[in-house]
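Subject: Handing over the model, with notes

Dear colleague,

I am passing on the structure that we spoke about, and below it you will find my notes on what turned up in it. Please read them with the model open beside you.

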Amino acid sequence: MQFTFDELDKQILEIIQADPVISNKDLAEKVGLSPSACLSRTKRLKEIGVIKKFAAIMDEKKLGYEVIAFTFVTLSPHNRDITNAFISKINETPQILECYNISGSWDYLIKIAAHNLADCRDFLIDTFLSFPGVNKIETSMVLSTDKQSFCLPVDSSEQKQS
């Protein structure tokens, strides 16, 4: 199944990404639609899964998380049960912000938040290494964040989803 988005859908997506708490009335004015027509389009974009959810983005440092780390992970053995158990532990662990199954010599890339280096070390040794199937890890600490964006480009080429 594929979906095609017109220019109004694309404008709505761009505006919502820049300001996810914009009122429907203000959004409708910006794109030149009636509030009911705008709400219908936004609901449709949610229903078809283009808009997954709305979220607040927090400042890690202001919440006391001084360390952000990226950990590459290799699982062993490679099988469905180990993978499912690993993902289950990932999903129930709040220090893990993101998890990506990747290609290449590693199986996963994990983003971790920690209060400090000792907290990160203790989490990796005492908690993460005990996750099902974790065989090998390599961790890099973020020194600075030079770009962080959660907005996907909504270009003028035809958008498709299958």
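A residue counts here as buried when its relative accessible area is under 20%, as exposed when that area is over 50%, and as partly exposed in between. Arginine 44, with a relative accessible area of 29%, is therefore partly exposed, whereas glutamate 47, at 70%, falls in the exposed class. Please keep in mind throughout that this is a predicted model.

Both of these residues belong to helix α3, which spans residues 35–47. Leaving aside residues up to four places away in sequence, arginine 44 is in contact with Thr4, Phe5 and Asp9. Its C-alpha atom is separated by 45 Å from that of arginine 121, which lies 77 residues apart from it along the chain. For glutamate 47 and proline 132, which are 85 residues apart in sequence, the C-alpha to C-alpha distance is 35 Å.

The domain assignment divides the chain into domain 1, covering 7–48, and domain 2, covering 60–141, and the C-alpha centres of the two are 36 Å apart.

I begin with the helices around α2. In α2, which runs over residues 24–31, Leu27, Ala28 and Val31 are buried; because these three cover an arc of only 100° around the axis, they lie on the same side of the helix. Lys25, Glu29 and Lys30, on the other side of α2, are exposed. The buried residues of α2 pack against α1 (7–18) and against α3, and just after α2 glycine 32 adopts a positive phi of about 80°.

Next comes the sheet. It is an open one, built from four strands in the order β2-β3-β1-β4 with antiparallel pairing. Since β2 (96–101) and β4 (134–141) stand at the edges and have a single partner strand each, one side of each is left without a neighbour in the sheet. Neighbouring strands are turned against each other by 20° on average, with direction ignored.

Taking the pairs one by one, β1 and β4 run antiparallel and are joined by seven bridges, and threonine 74 stands opposite lysine 136 of β4. Helix α4 packs on the sheet, where it touches β1, β2, β3 and β4, and its direction makes about 25° with that of β3. Seven bridges likewise join β1 to β3, again in the antiparallel sense, with threonine 71 opposite isoleucine 110 in β3. Between β2 and β3 there are five bridges, also antiparallel, and glutamate 98 has lysine 111 of β3 as its bridge partner. These two strands, β2 and β3, form a hairpin with six residues between them, and in the turn glycine 104 has a positive phi of about 105°.

How many of the residues of β3 are buried? The count is seven of seven, and both faces of the strand are covered, with Tyr108, Ile110, Ile112 and Ala114 buried on one side and Leu109, Lys111 and Ala113 buried on the other. You may wish to look at Lys111 in particular, as this residue appears both among the buried ones of β3 and as the partner of glutamate 98.

One backbone feature deserves a separate look: the peptide bond from serine 76 to proline 77 is cis, with omega near -5°, and proline 77 sits in the loop between β1 and α4.

Finally, the nonpolar cores. The largest one has 18 residues, and those with the most contacts inside it are Val73, Phe86, Ile96, Ile110 and Phe128. The elements that give two or more residues to this core are β1 (67–75), α4 (80–91), β3 (108–114) and α5 (117–127). A second, separate core has 15 residues, including Phe5, Ile16, Ala28 and Leu45. Within this list are two residues already mentioned, since Phe5 is one of the contacts of arginine 44 and Ala28 is one of the buried residues of α2.

Returning to the largest core, valine 73 touches Phe86, Trp106, Asp107, Tyr108, Ile110, Phe128, Val134, Lys136 and Ile137, when residues up to four places away in sequence are not counted. Among these, Lys136 is the residue that stands opposite threonine 74, while Ile110 is the one opposite threonine 71.

With best regards

Conventions: Residues numbered from 1 in each chain as written. Predicted model: local features only at pLDDT ≥ 70, side-chain atom pairs only at ≥ 80, totals over all residues. Heavy atoms only, no water. Core = buried A, V, L, I, M, F, W, Y, C linked by side-chain atoms within 4.5 Å. Buried < 20%, exposed > 50% of the residue type's maximum accessible area, 1.4 Å probe, protein only. Contact = heavy atoms within 4.5 Å. Pairing = 2+ DSSP bridges. Axes fitted to C-alpha atoms, helices over the stretch in contact; angles between N-to-C directions. Domains from an automatic or database assignment. Arc of directions from axis to C-beta.
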